[in-house]
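Let's take a walk through this one together. Have the viewer open, and we'll go from pockets to overall build to a few odd backbone spots.

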Amino acid sequence: MRLSRPFFLLKLFYPRAVFRFRTDEKVLCLTFDDGPDPDTTPAVLDILSARNVKAVFFCRGGNAEFHHKLVNRIRSEGHVVGNHGYRHLDGWKTNTQAYVRNFEKGAPFTSRILLRPPYGRIRPRQYRELSKGYRIVFWDLMPWDFDSRLSGTRVFEILKRRIRPGSVIVLHDTASSSVLSFLDEFIGYALSEGYWFTAGIFQDN
């Protein structure tokens, strides 16, 4: 069973983490995980530029180190870069010391302030350690764009049905994602419904 929203009890365990903006305004935040990817990320940036939309890119440190020019482009176009760990470690399967070190290793290439746990899996002790220095961001809406069993059309339908004011949406700028097949159409749809996009809540990070 695929859940498009995080299990509600997570907000009790991680009270200071960001899941959704607190607002009645029709505002959305697009975020992209697991890049930068030399093929997908530039195409995503082109779409965002054409639509004048800013987003948050939670980059893997290893990818960011290798594709540093892409990270520079993300920043130069007004987007925000966050830390997704140097490697894509599962916090449920990693001890706290190694988990924290993984973000510290990724920080020079991504961010020392903004962080998203890979898979959204982080244990309370890991959260306590990392929240001392990082703003931790989960999401409000996961449409499963990385799942090869779902077509881009199906992902688009999930987005249309589930967006709401303040949604932080997680997509992926990777070769395995269907994001390029629906991103422009989704942005157009959201704008036509009176929504607007911002990364402003994270701009100082």
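How do the residues lining the largest pocket divide into nonpolar, polar and charged? Keep in mind that we're looking at a predicted model. The split is 17 nonpolar, seven polar and five charged. That makes a lining of 29 residues, with Y119, G120, R121, W139 and W144 lying nearest the pocket's centre. The space inside comes to about 680 Å³.

The second largest pocket holds about 240 Å³. Its lining draws on K11, Y14, P15, R16, A17, V18, F19, R20, F21 and R22, joined by R135. By class, you get six nonpolar residues and five charged ones, with no polar residues. As for the idea behind such a search, rolling a probe the size of a water molecule over the atoms shows where empty space is left.

Now zoom out to the whole chain. Eight helices and seven strands make up its secondary structure, and the C-alpha atoms fill a box of roughly 45 × 40 × 35 Å along the principal axes. Does the radius of gyration agree or disagree with a compact globule? It agrees, because a compact globule of 205 residues would come out near 17 Å and this chain has 16 Å. Buried residues account for 54% of the 205. Take the contacts between residues at least 6 apart in sequence, and 75% of them join residues at least 24 apart. On the outside, the chain exposes about 10,000 Å², and carbon and sulfur atoms supply 49% of that.

Next, follow the backbone into the loop between strand 1 and helix 2, where D34 sits. A bit of background helps here: most residues other than glycine have a negative phi, and most peptide bonds are trans. D34 has a positive phi, near 85 degrees, and is not a glycine. It counts as buried because its relative accessible area is 12%, under the 20% cut-off. Just along the chain, G35 and P36 are joined by a cis peptide bond, with omega at about 0 degrees. P36 belongs to that loop as well, which runs between strand 1 (27-33) and helix 2 (40-51).

Stay in the loop for P38. Is this proline buried, partly exposed or exposed? P38 is partly exposed, since its relative accessible area is 45%. Setting aside neighbours within four places in sequence, P38 is in contact with H67 and L70. R75 lies 37 residues from P38 along the chain, and their C-alpha atoms are separated by 16 Å.

Step into helix 2 and you meet another proline, P42. This one counts as buried because its relative accessible area is 19%, and the cut-off is under 20%. With neighbours up to four places away left aside, the contacts of P42 are D37, L70 and R73. For R73, 31 residues away along the chain, the C-alpha separation from P42 is 8.7 Å.

W144 deserves a second look, having already turned up among the residues nearest the centre of the largest pocket. Where does W144 sit? Its place is the loop between strand 5 (135-136) and helix 7 (152-162). Phi of W144 is near 65 degrees, again a positive value in a residue other than glycine. At 22% relative accessible area, W144 counts as partly exposed, because the buried class stops under 20%.

Over in strand 6 (residues 168-172) you'll find H172. It has a relative accessibility of 5%, so it counts as buried. Which residues does H172 touch, beyond those up to four places away in sequence? They are F32, D33, D34, M142, D145, F146, S177 and V179. Notice D34 in that list, the loop residue with the positive phi we came across earlier.

Let's finish with helix 8 (residues 183-192), whose buried residues are L183, F186, I187, G188 and A190. What covers them? The cover includes strand 1, helix 2, helix 7, strand 6 and strand 7 (196-197). Just after helix 8 comes G194, with a positive phi of about 90 degrees.

How values were computed
Residues numbered from 1 in each chain as written. Predicted model: local features only at pLDDT ≥ 70, side-chain atom pairs only at ≥ 80, totals over all residues. Heavy atoms only, no water. Helix = DSSP H or I, 4+ residues; strand = E, 2+ residues; numbered from the N terminus. Buried < 20%, exposed > 50% of the residue type's maximum accessible area, 1.4 Å probe, protein only. Contact = heavy atoms within 4.5 Å. 1 Å grid on protein atoms, 1.4 Å probe; cavity = no way out; pocket = protein on both sides within 12 Å on 5 of 7 lines; lining within 4 Å. Points joined across faces, edges and corners; volume = space filled by probe spheres on them. Nonpolar A, V, L, I, M, F, W, Y, C, P; charged D, E, K, R; others polar. Rg over C-alpha atoms; globule rule 2.2 N^0.38 Å. Areas by Shrake-Rupley, 256 points an atom, 1.4 Å probe, with all protein chains shown as cover.
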